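I set out to record what I looked up in this structure, entry by entry. The entries go from the whole chain to single residues.

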Amino acid sequence: MRKGIFAALVAVVAVGILHGQGKISFEDGEDWRSHIGAGGAVMEIVGEHAVDGAKSAKIFFKGSAKDTWPGVYVIFSPEEYKGQSVLTFSIWHEEETALDISYRMDFAEGTPIYGGMGVQPRQKAPVQLFLNMKDTDGNPKYPKAILLYRRMPREDSTIWLDDLRLSDKVGTFKEYAYVPQQYNNDVTEEEKAMGAQLFRYHW
């Protein structure tokens with residue numbers, strides 16, 4: 001079922017050029033329709049809970065007693081992905097507890113990559129999907145489509161999606177550099193008398 005949905009999505013989407021140097025914020029004049037659209041979920045552009053600009057995408061996931069995977073898809077061209085290591089975006093929701101959002105990365109060759117995240121309510125902290133995959137030859141491997149979806153939801157839910165952007169910088173972790181420590185390893189008179197030298201630690 002999911003394979004059929006994905007094939008239909010690829011057939012109707014034309015990859016264009018990102019507005020605003022690699023970001024989508026759903027503002028007037030943006031060509032966001034060529035990069036993102038509904039894939040089983042209901043999406044509309046609204047003036048609520050925006051992070052960048054004044055508008056966001058309000059996405060409604062219909063709950064069902066049957067197994068469904070409603071979502072939205074994101075597609076970039078290989079040229080847009082080149083040199084980028086992360087896709088960031090903001091999700092706002094007003095549920096009482098964390099909302100599980102899943103993703104599926106589809107590639108031209110090979111198996112998809114699945115993952116998910118728990119998004120806390122009423123927050124605008126950026127979500128990050130890492131893109132530093134490589135093929136069997138060690139070359140960068142980028143997804144041809146990313147599906148953001150809810151896995152078999154039984155209850156209705158709504159999120160507001162905004163500020164999607166490709167970046168070569170990862171903001172979650174601070175980069176640390178190892179600096180070798182210099183120690184005085186001269187043998188003391190006490191150590192000479194003992195016939196051994198004690199190790200010296202910097203902690």
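The entries below cover the overall make-up, the salt bridges, two single residues and a pocket.

**Entry 1. Basis.** I worked from a predicted model, in which local features need pLDDT of at least 70, side-chain atom pairs count only at pLDDT 80 or more, and totals for chains, interfaces and linings use all residues. Residues are numbered from 1 along each chain as its sequence is written, and side-chain values use heavy atoms, with hydrogens and water left out.

**Entry 2. Overall make-up.** I found three helices and 13 strands in the protein; these are DSSP runs numbered from the N terminus, with helices being H or I of at least four residues and strands being E of at least two. Of the 203 residues, 39% are buried. I took buried as under 20% relative accessible area, exposed as over 50% and partly exposed as in between, with a 1.4 Å probe and protein chains only. Among contacts with a separation of 6 or more, 72% join residues 24 or more positions apart, a contact being heavy atoms within 4.5 Å.

**Entry 3. Salt bridges.** How many salt bridges does the structure hold? I counted five, the criterion being a side-chain nitrogen of Lys or Arg within 4 Å of a carboxyl oxygen of Asp or Glu.

I looked first at D28 and K55, whose side chains meet at 2.7 Å, N to O. This pair links distant parts of the chain, 27 residues apart: D28 is in the loop between β1 (23-24) and β2 (36-39), and K55 is in the loop between β3 (42-46) and β4. D28 is exposed because its relative accessible area is 65%, whereas K55, at 26%, is partly exposed.

I then turned to D156 and K62, which form a salt bridge at 3.7 Å, N to O. They too link distant parts of the chain, with D156 in the loop between β12 (145-149) and β13 (157-167), K62 in the loop between β4 and β5 (71-74), and the two positions 94 residues apart. D156 has 39% relative accessibility and therefore counts as partly exposed.

I also noted R104 and D106, with closest N and O atoms 2.8 Å apart. Both R104 and D106 are buried.

**Entry 4. S56.** I located S56 in strand β4 (residues 56-61). Is S56 buried or exposed? Its relative accessible area is 0%, so S56 is buried. A polar atom of its side chain lies 2.5 Å from the backbone oxygen of E48. Beyond neighbours within four places in sequence, the contacts of S56 include F26, E44, I45, V46, W160 and L161.

**Entry 5. A41.** I placed A41 in the loop between β2 and β3. A41 counts as buried because its relative accessibility is 9%. Its C-alpha atom is 4.8 Å from that of P70, although the two residues are 29 apart along the chain. Not counting residues up to four places away, A41 touches I59, F60, F61, P70 and G71.

**Entry 6. Largest pocket.** I noted about 240 Å³ of space in the largest pocket. Which residues lie nearest its centre? They are F107, A108, E109, K141 and Y142, out of 14 lining residues. The lining divides into seven nonpolar, three polar and four charged residues. A pocket is an open set of points on a 1 Å grid over the protein atoms alone where a 1.4 Å probe fits, with protein on both sides within 12 Å along at least five of seven lines; lining residues have an atom within 4 Å of a point.

Technical notes
Polar contact = N/O pair within 3.5 Å; in protein donor to acceptor, adjacent residues only side chain to side chain. Points joined across faces, edges and corners; volume = space filled by probe spheres on them. Nonpolar A, V, L, I, M, F, W, Y, C, P; charged D, E, K, R; others polar.
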